[in-house]
Amino acid sequence: RSRIEGPKEMTHARIAPGCRRLTAAHVQVQAIAERFEGLPEGVSKGQALAAFKQATQPLGLSPRLRDAIDVLFAFSAPQDWQPGARPIVWPSNRKLETTLGLARRQVQNVLSALIRANLITPVDSPTGRRWGHRDARTGKIVEAYGFDLSPILAAGRRQNPGLPQHGLVAFFTGRPSPRAGSGRAGRNRDR
């Protein structure tokens, strides 16, 4: 019968029995992660996270997803965001449960939502476990399986291709970032 109907188009692939299903979107996001070139010059991991957190509402992300990204960033090191590296983190579900204050199933749902939103991409080990190893001297990741956070930066580029980098909030949302000193912190500083 298949010869008459012609070949069927594959919608997903499985690497091995029991492994995660890969859709075309997963493959595309993995390709984006592999092209990661580090944070823009002069931008720290903390600055990128702060800008992303300010941009979550315009990007349509829930506070729970924002908090999960915040926690995942905490598992990365500054050298993971440099050119030539990839920010892969490998926290256990149990660690995420206690850190986020969620049940196991809620953590799994949050991670799935982040993957579907193309904000993180899974880096699966052959055994399905998350783990990593850093060089004792440099602290750089030698081998890691968990979640690659580099697609978060690509989210800003996908939303605003060609946008000049006048501020990280603008990078993620296309809107200018709040002016320094215009917030509450700026007013309280003079008192």
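This passage walks through two helices, a set of paired strands and one buried aspartate in a predicted model. Residues are numbered from 1 along each chain as its sequence is written, and side-chain values rest on heavy atoms, with hydrogens and water left out. Because the model is predicted, local features need pLDDT of at least 70 and side-chain atom pairs count only at pLDDT 80 or more, while totals for chains, interfaces and linings use all residues.

A good place to start is helix α2, which spans residues 24-34; helices are DSSP runs of H or I with at least four residues, strands are runs of E with at least two, and both are numbered from the N terminus. Its buried residues are His26, Val29, Ile32 and Ala33, where buried means under 20% relative accessible area, exposed over 50% and partly exposed in between (1.4 Å probe, protein chains only). These four lie on the same side of α2 because they cover an arc of only 120 degrees around the axis, the arc being that of the directions from the helix axis to the C-beta atoms. Exposed Ala24, Gln28 and Glu34 sit on the face turned away from that buried side.

Helix α4 covers residues 63-74. From first C-alpha to last, its 12 residues reach 17 Å, close to the 16 Å expected at 1.5 Å a residue (1.5 Å times one less than the number of residues). Leu65, Ala68, Ile69, Val71, Leu72 and Phe73 are the buried residues of α4.

Attention now turns to strand β6 (residues 141-148). Strands count as paired if DSSP finds at least two bridges between them. β6 runs antiparallel to β3 (residues 88-89), with 2 bridges, and valine 89 has phenylalanine 147 as its bridge partner. Antiparallel β4 (residues 121-123) is joined to β6 by 3 bridges, and here proline 122 stands opposite phenylalanine 147. With β5 (residues 131-134), the antiparallel pairing extends over 4 bridges, and arginine 134 faces isoleucine 141. β5 and β6 form a hairpin with 6 residues between them, and glycine 139 in the turn has a positive phi of about 80 degrees.

Aspartate 148 also belongs to β6, and is buried, with a relative accessible area of 0%. Its side chain makes polar contacts with the side chains of arginine 86 at 2.5 Å and serine 150 at 2.7 Å. A polar contact is a pair of N or O atoms within 3.5 Å; within protein, one must be able to donate a hydrogen and the other to accept it, and residues adjacent in sequence count only if both atoms are side-chain atoms. Leaving aside neighbours within four places in sequence, aspartate 148 has contacts (heavy atoms within 4.5 Å) that include Ala33, Ile88 and Thr121.
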